[in-house]
Amino acid sequence: MTFRILRLALIAAGALVISWLLMIGLTWLGTRSESFSNVVATGTAQYFSALTIGAIYALIALGYTMVYGIIELINFAHGDVFMVGAFVAYLIFTSLGFGGAIKSIPLLIGILLLGFLVTMVVLGVLGAAIERFAYRPLRNAPRLAPLITAIGVSFILQNVVQVLISNSPVPSPQLVSLEYRFTLLGASVPLLNLLIFLVAVVLMIALQVFVGGTRLGRAMRSTAQDREAAQLMGVNINATIAITFFIGSALAGAAGLIYGLYKGNIVFNLGFDAGLKAFTAAVLGGIGNTVGAALGGFAIGFIEVAAVTTGLSRWQEALVFSVLILVLVFRPAGILGQQIGERA
Amino acid sequence: MTATAQAAPAVPETPDDVLIARSITKQFGGLVALRNIEFVIPRRAIVSLIGPNGAGKTTFFNVIAGLIPPTSGSIELSGMRLIAPARRAWLEPLLWFAPPLLVLLIGILVSGGNIQLVALWGLLALLLATLILPTAMARPAWYESFIRRLGIFRSARPNDIVRSGVGRTFQNIRLFHNMTALENVLVGMHLKLRSTPVDAVLSTPRHRAEEEEARVRAARYLELAGLRGRDDELARNLPYGDQRRLEIARALACEPVLLLLDEPTAGMNPRETGEITALIGRLRTELGLTVLLIEHDMRVVMGISDRITVLDQGERIAEGTPEEIRRNPRVIEAYLGKPPS
């Protein structure tokens, strides 16, 4: 177990360094005339925004992959759960009277912690409720029925937010001022980017530990592999599936909060695009595999930003999905293959 | 021809019986898989269920395990009625949804058109629902006794039956193949562990101590089943015989009173078969278990069973000690066909 974690950490560190160098190289390709130090600075700055965007995709992708792993459902409503997360965070912050950057650091940390906690719990409950009422009644129905239901739930969530909150984009409070910056290799990077990356990494590690070494994590994995056998070992599969939805949706809620902080602008249909990309990330990494989903999320964030730095920003979407197709041609099960959801 | 007239006499019940099945019938459409099966397992007995293919042995196992609801009949486990026809089952969902709906209704009536006040009451109703529904899903003991006091009865779910003390193995091995041997056993211990998601996330000392203790105990079950040193091997990489042993170790981890073994020696060589037979004997003497065994290998069955029940085409055609079964003409006929006259 410890060996596995150590190996994973080493691989992750290696991937971080290599992708950094790669980003600098790609930046050089895009801006050949610039001086070397300028290229390094731009590449580093871009690298950090790739990490931030990747972190958001990765957090959403985890929900897709966990749900697929346990009940083989592509939960198309998940992107909109993320969107609701952004709006719940918006409601929390604005109702507490915080519309902009918070100057006091302890207050900022306190409000952020409170925001994460409440958003994640509310979204977790929402996710579990969606499972209870929309998916569980259809658990033994043909595969198409819950899929269509998921699309239905997606539209319902969008519609509810549209009517109850706003039809047009709303400015979400950017609590962390962009004036907090650090300089690295000549690049001035907002501290927010690093913060987002770290929060995402902490959440992912917590998830790994939870799934890998706890009673409920084992219940989740056993339910994913053989639902009936798990039940005959005393696992309450309904509760386990509900917990899976709770965790996946809570992570999407955290991603929503982060998105609001980062973009400063949210709209009721933002979940569609982000959801599809995150789903792509999950497939890219190997759907059903939580490490794969995180990897896929960061990969897609990287490709999107790389497209911008190399001057191909108009080809962003085409590039992302070309990579998806390429990977799937050579590795149909995704980069890391299926793990949790693999059936015996 | 009535079934009861032909069935062998049942063993008399005593209050200490582990399992009592009363006239279990299971129909799949027009096919009668089990017909009026009466079945009693005394405490600490090893009882075998034999019969030709398609006799209904595995169906009977699945009925006991709560996986297949019987068409009629009931099952008692250690004096607790676990499986029986439902009574007033429609009342239960009503109990879940009535309180929140009532709160909402009161809210609408009280707030007199003030939409914000209605929303507040709605939130309260939602909160109530988020408290009630997980409780209904977990079915804690107080909830069950409350439900029974209202005269509601619905059969126990498979996981509840495990809680009441039934562990089982599968005829076609159904391990969690992507988990290690130790983790498979730990899944079996699921109900014996207490730590909550909050404990796990915070990694409280209680949680860590429990995990540590659970791993030690799981390793002991592996050792008992003859899998010492195989702890960290993925289940799918184990040799066939060891997978069968792991199934037994995992079932033991449920700490059952009654252990259901579905062909534990299928596909094993004579030496391995001998080892498993010895293990089953030790389970009774060392752990005090009661065992219900489905087995095709007659040497195993005749060697360790206290009693044998023979099923044929869903009916119980004979019951008795190994000696009696060996000489029973109906059993011989079921296995070999009618002798030419």
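How many residue pairs are in polar contact across the interface of chain B and chain A? In this predicted model, local features need pLDDT of at least 70 and side-chain atom pairs count only at pLDDT 80 or more, while totals for chains, interfaces and linings use all residues. Residues are numbered from 1 along each chain as its sequence is written, chains are lettered from A in the order in which they are written, and side-chain values use heavy atoms, without hydrogens and water.

To the opening question: the rule finds nine such pairs, both residues being at pLDDT 80 or more. A polar contact is a pair of N or O atoms within 3.5 Å; within protein, one must be able to donate a hydrogen and the other to accept it, and residues adjacent in sequence count only if both atoms are side-chain atoms. On the side of chain B that touches chain A, there are 19 nonpolar, nine polar and nine charged residues; Gly counts as polar in this scheme.

The rule also finds four salt bridges across this interface, each a side-chain nitrogen of Lys or Arg within 4 Å of a carboxyl oxygen of Asp or Glu. R221(A) forms a salt bridge with E183(B), with the closest N and O atoms 2.9 Å apart.

Let me turn to extent. In contact (heavy atoms within 4.5 Å) are 37 residues of chain B and 31 residues of chain A. The buried area, meaning accessible area (1.4 Å probe) lost on putting the two parts together, summed over both, is about 3100 Å², and carbon and sulfur atoms give 62% of it. In chain B, M137(B), F176(B) and H190(B) lose the most area to chain A, together 21% of what that side buries.
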